Amino acid sequence: MDAVGWLRRRSRTTRLLLVGGLFLLVGYQAIRYAGRDPDSLLAYVGGALFLLGQLGVFTGLALWAYRLLLAEYG
């Protein structure tokens, strides 16, 4: 079973949560690996991935809440 096929069968909400969480983890590890060097490009890339991950997870949760409310009250 390949990962692309497994992800393709999931909903958009699940994909946003999974990919956003992955970006959060990779970004966090990149920031930690870069250390305290303020000129480290790795820290900037890690920060960008971390922010993209937060955006993806937040969007996934908002979409999940919207679908839940729509199913309950729609």
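1. Start with Ser-40. In this predicted model, Ser-40 sits in the loop between α2 and α3. Its relative accessible area is 12%. Buried means under 20%, so Ser-40 counts as buried.

2. What does the side chain of Ser-40 reach at the start of α3? A side-chain oxygen of Ser-40 comes to within 3.3 Å of the backbone nitrogen of Leu-42. Seen from the other end, the backbone nitrogen of Leu-42 has a polar atom of the Ser-40 side chain 3.3 Å away.

3. Now step back to the end of α2. Gly-35 comes just after this helix. Gly-35 has a positive phi of about 75°.

4. α2 itself covers residues 12-34, a run of 23 residues. From first C-alpha to last, α2 reaches 32 Å. The value expected at 1.5 Å a residue is 33 Å, and the two are close.

5. α3 takes in residues 41-73, which is 33 residues. At 1.5 Å a residue, α3 should span 48 Å. Its end C-alpha atoms are 48 Å apart, so the span agrees with the expected value.

6. Which residues of α2 are buried? They are Thr-13, Gly-20, Gly-21, Gly-27, Ala-30 and Ala-34. What covers them includes α3.

7. The cover also runs the other way. In α3, the buried residues include Gly-46, Gly-53, Gly-56, Val-57 and Gly-60. α2 is among the elements that cover the buried residues of α3.

8. To sum up the pair: α2 helps cover buried residues of α3, and α3 helps cover those of α2. Ser-40 lies in the loop between them.

How values were computed
Residues are numbered from 1 along each chain as its sequence is written. This is a predicted model: local features need pLDDT of at least 70, side-chain atom pairs count only at pLDDT 80 or more; totals for chains, interfaces and linings use all residues. Side-chain values use heavy atoms; hydrogens and water are left out. Helices (H or I, at least four residues) and strands (E, at least two) are DSSP runs, numbered from the N terminus. The expected span of a helix is 1.5 Å times one less than its number of residues. Buried means under 20% relative accessible area, exposed over 50%, partly exposed in between (1.4 Å probe, protein chains only). Contact means heavy atoms within 4.5 Å. A polar contact is a pair of N or O atoms within 3.5 Å; within protein, one must be able to donate a hydrogen and the other to accept it, and residues adjacent in sequence count only if both atoms are side-chain atoms.
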